[in-house]
Structure formats: C-alpha cells, structure tokens
Amino acid sequence: MSEPSELAVRAKKLDAADELAAKRSEFVLDTVSDHAADAAGVYLDGNSLGALPVVVPGRMEDVVRRQWGSLRIRSWDESGWWTAPERIGERIAPLVGAAPGQIVVGDSTSVNVFKALVAAVRMARETDAGRDEILVDATTFPTDGYIAGSAARMTGCTLRPVAPADVPGALSGRTAAVLLNHVDYRTGRLHDLPGLTAAVHAAGAVSVWDLCHSAGALPVGLDEHGVDLAVGCTYKYLNGGPGSPAYLYVRRELQDRFDSPLPGWNSHAEPFGMRSDYEAAPGAVRGRVGTPDILSMLALEAALEVWDGVSIDAVRAKSLALTDFFLECVAAYVPPGTVESLTPAAHGERGSQISLRCADAGDVMKRLIAARVVGDFRPPDVLRFGFTPLYVGFGDVERAARVLAEVVA
C-alpha cells in the first residue's frame, strides 16, 4: 500500500504529463490562488452539472445585448438563431460518433425520450403490427421509466422493465423498442452498447439509447454500432449549463420513417407556410418541435468550443486513469471496510464516475462539501464522484480521497 506522500508525488507527475491539463484554464474553477493550496476546491460533480467554460459569459452578453437587444427579430436570420438546433447538433456529433446531419438540439431529455420511443414503436410496427412490447432498463433514471410507461400506454404496448444484461434473453417477436442507458447513473456501470444494439436488431426491434452519462466522457460510436435512436442531455460532461437543451439522434437511414408524436411547427417542411396539414421536414429537422430556447442553446454552443482540438479517445484514457487513481487512493487512505465501490473495476464496464457505498453517506457528503470536495449523495447510502477529464486533475483526485478518509475516520 502506497504512503500518502508517495501518492501526492505521483499525482504531481501525472498532472505534469497530462495532455489535457491545459484545458483546465478554459473553465471557471477554484484555484490555489483563491485558497490555501490544500483547501482549493475539488469539483467532482460534473456528472450532474458541468463547470462553466470561461467563454460563455462574454458570449451571452453579446447574445443578450446585441443579438436580442439591438437586432431583435432580425437575429433569427442574421445571428443564425433559426439554424442553431442543427448547427449545434453538428458540434455534438463527433463526440458521440455520428456523421453530420443526424442530430438536432432542443427540448429536454425527457421530451426527446418520449419522441424517440413512440417513433421507435411506430417504425417497428411498419413491418410487424403485432409488436406490442417495450423493454426498458430496470435500473434506469426514474424519468426514463415514467416516459416509457406513458409511451407504452399511448401506443398500446406492455412495458417490461429488464436489467440490461438480461435484455438478450427477454427479446422476442413481440418486442417493438428497447430503451437503455449507456451508463448507469447510480453505479457508473457502462453497458454493452454494441452487443445490446446488435441483439435488439436481431430480434427485429428498434434501439433507443440514453447517453446522458456517457457523451463527453467516453467514445459512443452511434454510427459504427448501428444505433437507431439516441438522446442525451448537455449539462453534464458537455458543460452546457443548468437546464441546457438536450439532443436527439436519428440514424440517417431511418429519418424518413421517423414519425414524431410531437409534430410541432418547427419540424414542418414549410414552417412559415402555416398550413393546417402537417408534412414533416426532411432529415433530422423533423425531430424539432417548437420555437428553440435560444438563450440556453447559444450558451451551449459557446460551451462546446472547449472541445476544439480534443480527442474523445484522449478523454477516455484520462477518465480511466483518474478513476483508477481515485480507487487506489481510496484504498490507501480510507480505513478498510468503511466504503465499498459499486463501480465495476473492469475498464470496459466503467463510465467516468465512481460510486461508493458508505454508512451515513448523506452526512459524509455534507462534510465533504464543507471541506470543499464536491460530489453528490444518492439515497440511501451512495456517494457519487464524477470525473470530468477536461478539468479534473490527478492532484484533485488525491486530495478528494484524502479528505474522504478524514471525514469518515
């Protein structure tokens, strides 16, 4: 077992060799100059809300004062407001392994899950009207389950909650659509997107993936693995800001079959034709609904500039190194038997967070936050720590584990 001083020295060496270290300066974070070196804040909650990129405030001042304040209605054309959902979608596309023209930004994750799931059932029934079952990740974030239940009622389907590992055995000729999370929000477990997508397709069903806890943290490979539909938020690892708009991916080959249950005027082939009959626009645009939320959308666009020149493979490599190092530090510092990792040790099964089971976890997290180490608590006994490779360093990791040990001792 390494001594604390050895781990601190290693952390400095790892930070010095980190090819992504320069990205940290592009975010608004606590610095050593703000506090004593050992009291600078450590932010490990980017899996809930990403840090603020420094470029965003100035960009938003321009959006509010000039684009809205001076240009007003002209900004829909002159400032590119109208095309923002597709333009920003193109920024996100490389981060999830999608070619251009398949992602549209707008609405919330919940709304996009609803659109995708109902559309998936409708597509599945084009070739087999007897498909009357939706499988949903039994460990999913609650909202996905609520939405899936509503979609099932709307389409006359039976909803079956199934653990992701059990999906291949649960698929049948009745399955219309399958909604799965790429990374479990509680444990940080990474599910087998390629294998599960292939199994869904072999059963003749349509796959829908929730990427909220993977986009911006690890390679997804939507095109490579033939994912049909996918949704995700942008306020976690993509750092788009609280409540920033979500996105919807529709595989190119399915776009002319995508029948949205929310056919708003923004997805009409002639949005300003004001026709009483609905005709869906071509391409991913048909995933739009109503007027885009321009302020938060343009904040997201500015935030995405931090990804310029960044390889998602480099992000994944650092993410695994950070989480490995955190587990090593926890093992070295925290008294044995005090915490238990719920996150798989295998790299192929791990997202970019570590979840620790701990007695009195709620109180422990409060004390961690008071000591300027910010993670979050999930009832009844889980401490979650998210590792955002663009701004979290190895020194942060070492200090977080050391403070955790002090708090639980």
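**A right-handed unit in the sheet, and some salt bridges**

Strand β5, helix α8 and strand β6 come together as a right-handed β-α-β unit. The model is a predicted one, and the description here starts from this unit, moves out to the sheet and ends with the charged side chains. Along the chain, β5 covers residues 175–181, α8 takes up residues 193–202, and β6 runs over residues 206–210.

The two strands of the unit sit side by side: β5 and β6 pair in the parallel sense, with five bridges between them. One position that helps line them up by eye is Leu-179, which stands opposite Val-208 in β6. On the other flank, β6 pairs with β7 (residues 229–232), again in the parallel sense, this time over three bridges. Here Val-208 stands opposite Leu-229 in β7, while Trp-209 has Ala-230 of β7 opposite. Val-208 is thus a handy reference point, with Leu-179 opposite and Leu-229 of β7 opposite as well.

Zooming out, these strands belong to an open sheet of seven strands, ordered β2-β8-β7-β6-β5-β3-β4, and the pairing in the sheet is mixed. The edges are β2 (103–105) and β4 (158–162), each of which pairs on one side only. From one strand to the next, the twist averages 15°. Helix α8 packs on this sheet and touches both β5 and β6. Its direction makes about 155° with that of β6.

How covered is β6? Mostly: five of its five residues are buried. In a regular strand, side chains alternate between the two faces of the sheet. For β6, one side carries Val-206, Val-208 and Asp-210, the other carries Ser-207 and Trp-209, and all of these are buried, so both faces of the strand are covered. The list includes Asp-210 and Ser-207 alongside Val-206, Val-208 and Trp-209.

Turning to the charged side chains, the count of salt bridges comes to 31. One of them links Glu-26 and Lys-23, with 3.2 Å from N to O. The two partners fall into separate burial classes: Glu-26 counts as partly exposed because its relative accessibility is 27%, whereas Lys-23, at 12%, counts as buried. Arg-131 and Asp-128 form another salt bridge, their closest N and O atoms lying 3.7 Å apart. In this pair the arginine is the buried partner: Arg-131 has a relative accessibility of 9% and so counts as buried, while Asp-128, at 28%, is partly exposed.

A further salt bridge joins Asp-363 and Arg-367, where the closest N and O atoms are 3.0 Å apart. Why are Asp-363 and Arg-367 separated by about one helical turn? Both belong to helix α11 (residues 361–370), and they are separated by about one turn because they are four residues apart in that helix. Neither end of this bridge is buried: Asp-363 is partly exposed at a relative accessible area of 41%, and Arg-367 is partly exposed at 37%. Elsewhere, salt bridges that share partners tie Glu-270, Arg-275, Asp-277 and Glu-279 into one network.

Notes. Residues numbered from 1 in each chain as written. Predicted model: local features only at pLDDT ≥ 70, side-chain atom pairs only at ≥ 80, totals over all residues. Heavy atoms only, no water. Salt bridge = Lys/Arg side-chain N within 4 Å of Asp/Glu carboxyl O. Buried < 20%, exposed > 50% of the residue type's maximum accessible area, 1.4 Å probe, protein only. Pairing = 2+ DSSP bridges. Right-handed = clockwise from strand over helix to strand, strands pointing away. Axes fitted to C-alpha atoms, helices over the stretch in contact; angles between N-to-C directions. Contact = heavy atoms within 4.5 Å.
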